[in-house]
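Hi,

Here is the structure I promised to pass on. Have a look at it first, and my notes on what turned up follow below.

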Amino acid sequence: MQIHEAIKPAQCLSLALLPTPFHLLERFSASLEGPRIWIKRDDLSECSTSGNKIRKLEYVLAKALSDGCDTVITCGGLQSNHCRTTAILAARLGLKCILILRGNRPNVLTGNTLLDDLTGAEIQFHETKYYQENLTELLFSAQQKVLKQGAKAMIIPTGASDGVGAWGYIKAAFELKNDFQENGISPAAIIHATGSGGTQAGLTLGMHLNKLYTPIHAVNVCDDAQYFKDKLKDDWQHWQQLYDPQKTVDLNALPINVIEGYVGPGYGKAGADVFEIIKTLAQLEGVILDPCYTGKAFLGLVEEIRIGRFKDANDIVFLHTGGIFSNFAYIEQYNK
Ligand SMILES: *Cc1c(COP(=O)(O)O)cnc(C)c1O
């Protein structure tokens, strides 16, 4: 990465299989009669730890190790891809992992939760309302308990989205620059799902540091545009405090584009249109999306093309952020 000399990149572990593939969705593009749709395959960033979270965790876990932690604590929904990735990477690095999950313990563990359990992570299940009202306390009390046992734990925020985790997608922006050059394209937009904001924060910052001004359009799968505007600014400020003390980057000049309208029935819930687009892409291209994140973002991409948002575009890039295992938590909808 060629970055301004006043900016000192964070330490990074090599855990993901990078660079991830980048290719054209030939048959899908033809079926759309619109711009060419390219895909960045971060769903292929590894096997069991696939998806976008491993990129952020390469930096966050490097910090945990250099801080002398032997335990990591993190949190998320029952089918959190972030928690699954953290639990598996912790096992890979010989760290203990504590997961604080939102939702009651299901009778049968499936998808990501099944994998969490396989790693031997200590899993706490908390009823949704209780989780929402007490999350900070739950994280701190888990950390205190570890400390009393003579160990040291790092708390990793939801989605590993903070100033440290932002490096994962700063680095990915440099990878994308290469992908564009190799394919001789200069895309009109990059589209991806946003949930805890870290992918969008890193990618937007990475584009700026790269002097590659491809607009990033993030499709929110929860909350609203204002939430992400605030969240990205928080993450950027945290990043600047840690790595850009001379403030060479003007954070106020960074663009934040959120495409609203695709949350559907709510976070983690999907309508028939999402399952439909997942099936279409699986059939035409052999690419598997998920109902919680990438299915909604891809539906957003298709709908926005239909209503003319990208009417002058020749090339558009979809960033596939992973999530394959959560499909198994939607077995009933798939078997309807
Ligand atoms: C977490 C996640 C996202 C959202 O990324 P954030 O960095 O949390 O905004 C998108 N897609 C998948 C599959 C995810 O697991």
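Glutamate 33 sits in the loop between helix H1 (26-32) and S2. This is a predicted model, by the way, so please read everything here in that light. The backbone at glutamate 33 caught my eye: phi is near 50°, a positive value in a residue other than glycine. Most residues other than glycine have a negative phi. With a relative accessibility of 76%, glutamate 33 counts as exposed.

Lysine 247 has a positive phi too, near 55°. You'll find lysine 247 in the loop between H8 and strand S9 (258-259), and at 60% relative accessibility it counts as exposed.

One more backbone oddity: the peptide bond joining leucine 18 and proline 19 is cis, with omega about -5°. Most peptide bonds are trans. Proline 19 belongs to the segment before strand S1 (22-24).

Now the overall picture. The chain has eleven helices and ten strands. Its radius of gyration is 19 Å, close to the 20 Å that the globule rule gives for 336 residues, so the chain is as compact as a globular protein of that length. The C-alpha trace spans about 60 × 55 × 35 Å along its principal axes, and buried residues account for 57% of the 336. Valine 60, in helix H2, is an example of a buried residue, because its relative accessibility is 4% and the cut-off for buried is under 20%. If you want a feel for distances, valine 60 and proline 187 are 127 residues apart in sequence and 30 Å apart in space, C-alpha to C-alpha.

On to the charges. How many salt bridges does the structure hold? There are 16, and a few are worth a look.

- Arginine 92 pairs with glutamate 46, and the closest N and O atoms are 3.4 Å apart. This pair links distant parts of the chain, 46 residues apart: arginine 92 is in helix H3 (residues 81-93), while glutamate 46 is in the loop between strand S2 (36-41) and helix H2 (53-66). Arginine 92 is partly exposed, at 43% relative accessibility.
- Lysine 145 pairs with glutamate 122, and here the closest N and O atoms are 3.9 Å apart. Distant parts of the chain are linked again, with lysine 145 in helix H5 (residues 128-148) and glutamate 122 in strand S5 (residues 122-126), 23 residues apart. Both ends are partly exposed: lysine 145 at 48% relative accessibility and glutamate 122 at 29%.
- Glutamate 133 and lysine 129 form a salt bridge within helix H5, at 3.3 Å from N to O. The two are four residues apart in that helix, so about one helical turn separates them. Glutamate 133 and lysine 129 are exposed.

There is also a network of salt bridges that links Lys40, Asp42, Arg55, Glu175 and Asp179.

Last item: which residues gather in a patch of negative charge on the surface? They are Asp223, Asp224, Asp230, Asp234 and Glu260. Of these, aspartate 234 lies in helix H8 (residues 225-243) and is partly exposed, with a relative accessible area of 49%. Residues need over 30% relative accessible area to be part of a patch, so aspartate 234 meets that requirement at 49%.

Cheers

Note on methods
Residues numbered from 1 in each chain as written. Predicted model: local features only at pLDDT ≥ 70, side-chain atom pairs only at ≥ 80, totals over all residues. Heavy atoms only, no water. Patch = residues over 30% accessible without salt bridge, like charges linked within 9 Å, V, L, I, M, F, W, Y side chains within 5 Å. Areas by Shrake-Rupley, 256 points an atom, 1.4 Å probe, with all protein chains shown as cover. Salt bridge = Lys/Arg side-chain N within 4 Å of Asp/Glu carboxyl O. Lys, Arg positive; Asp, Glu negative; His and termini not counted. Charge placed at Lys NZ, Arg CZ, Asp CG, Glu CD. Buried < 20%, exposed > 50% of the residue type's maximum accessible area, 1.4 Å probe, protein only. Rg over C-alpha atoms; globule rule 2.2 N^0.38 Å.
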